[in-house]
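Subject: Structure for your review

Dear colleague,

Please find below the structure that I am handing over to you. My notes on its core, its pocket and its backbone follow.

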Amino acid sequence: MERSITENDQSSMTLQELIEKLHVIFADDQVNADEVHSVMESYSSQRNEWRKFASFDPYRYTRNLVDEGNGKFNLIVLCWGEGQGSGIHDHSDAHCFMKVLDGELQETLYGWPQDGIENEKMDPLRKNIYRRNQVAYINDSLGLHRVENPSHTNQAVSLHLYSPPFKACHSFDERTGKKRSCQVTFWSQYGVRTPYGNSCGSYVSCGEQN
């Protein structure tokens with residue numbers, strides 16, 4: 001699911017209105033991924049609305065909790081310093097929506113390693129570039145991915161929605177396909193730094209690259 005949009009397509013929805021609309025959508029047990037994708041697109045990034053959640057770390061990208069979605073989803077601002085990126089990872093059977101708020105991000109997609117085959121290099125299937133206000137979607141049935149800021153001069157910021165929320169996922173070694181479990185944590189919550197902000201605020205133990 002990939003779509004590009006222009007500034008003229010954007011409505012005047014605020015970030016708070018986006019959050020309220022998401023709460024309405026996720027009040028239903030059956031969630032339409034296309035509807036969520038459309039609502040995420042309908043928010044036009046406004047720095048003054050999300051900058052209080054945007055915390056950067058010089059050594060790793062950060063995950064900053066914005067809203068817990070009544071337990072049905074997490075809305076998170078991710079901040080990517082120059083050249084920072086995640087390792088290859090899955091999403092624990094969750095829906096993952098990623099909207100670029102600032103800068104641009106590169107997504108590299110991978111297939112799942114074949115069961116029973118050891119030490120097989122994981123080859124990328126394709127790469128996508130997402131720019132401000134564009135939205136990407138992935139779930140485990142579509143494969144694995146790595147996200148990175150390809151710029152060495154500009155930072156990037158993205159808004160992620162995960163449903164259902166998860167506290168652990170798997171990372172994969174690109175050279176061998178071997179996976180390992182890792183915990184995911186928040187660098188900050190609602191604009192307040194957590195203890196993990198002093199250690200691992202992202203997929204640090206999952207082969208993070210920078």
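A contact, as the word is used here, means heavy atoms within 4.5 Å. The model is a predicted one, and every value in this message was computed from it.

Nonpolar core

By that criterion, Leu22 touches Val36, Val39, Met40, Phe73, Leu75 and Leu161, leaving aside residues up to four places away in sequence. Leu22 also belongs to the largest nonpolar core, which has 26 residues; within this core, Leu22 and Leu161 touch the most other members. At least two core residues come from each of the following elements: helices H1 (15-25) and H2 (33-42), and strands S3 (74-80), S5 (95-102), S8 (135-138) and S10 (156-163). Helix H1 supplies the largest share, 5 residues. Another core, of 22 residues, lies apart from this one and includes Cys96, Ala136, Ala156 and Phe166. As background, nonpolar side chains in soluble globular proteins tend to be buried together.

Helix H1 also holds Gln16. Gln16 has a relative accessible area of 46% and is therefore partly exposed, since that class runs between 20% and 50%. Its C-alpha atom is separated by 9.9 Å from that of Trp50, and the two residues are 34 apart along the chain.

Largest pocket

The largest pocket has a volume of about 240 Å³. Its lining consists of Arg63, Glu68, Gly71, Asn74, Pro165, Phe166, Lys167, Val184, Thr185, Phe186, Gln189 and Tyr196. Sorted by class, this lining comprises 5 nonpolar, 4 polar and 3 charged residues.

Backbone

Most residues other than glycine have a negative phi, and most peptide bonds are trans. Three places in the model may be read against that background.

- The peptide bond from Ser163 to Pro164 is cis, and its omega is near -5 degrees. Pro164 sits in the loop between S10 and strand S11 (168-172).
- Asn70 has a positive phi, near 55 degrees, and is located in the loop between strand S2 (62-67) and S3. With a relative accessible area of 67%, Asn70 is exposed.
- Asn133 has a positive phi as well, near 80 degrees, and is located in the loop between strand S7 (126-131) and S8. Is Asn133 buried or exposed? Its relative accessible area is 2%, so Asn133 is buried, the cut-off for that class being under 20%.

Yours sincerely,
A colleague

How values were computed. Residues are numbered from 1 along each chain as its sequence is written. This is a predicted model: local features need pLDDT of at least 70, side-chain atom pairs count only at pLDDT 80 or more; totals for chains, interfaces and linings use all residues. Side-chain values use heavy atoms; hydrogens and water are left out. On a 1 Å grid over the protein atoms alone, a cavity is a set of points where a 1.4 Å probe fits but cannot get out, and a pocket is an open set with protein on both sides within 12 Å along at least five of seven lines; lining residues have an atom within 4 Å of a point. Grid points are joined across faces, edges and corners, and a volume is the space filled by probe spheres set on the points. Ala, Val, Leu, Ile, Met, Phe, Trp, Tyr, Cys and Pro count as nonpolar, Asp, Glu, Lys and Arg as charged, and the others, Gly among them, as polar. A nonpolar core is a set of buried Ala, Val, Leu, Ile, Met, Phe, Trp, Tyr and Cys residues joined through side-chain atoms within 4.5 Å. Buried means under 20% relative accessible area, exposed over 50%, partly exposed in between (1.4 Å probe, protein chains only). Helices (H or I, at least four residues) and strands (E, at least two) are DSSP runs, numbered from the N terminus.
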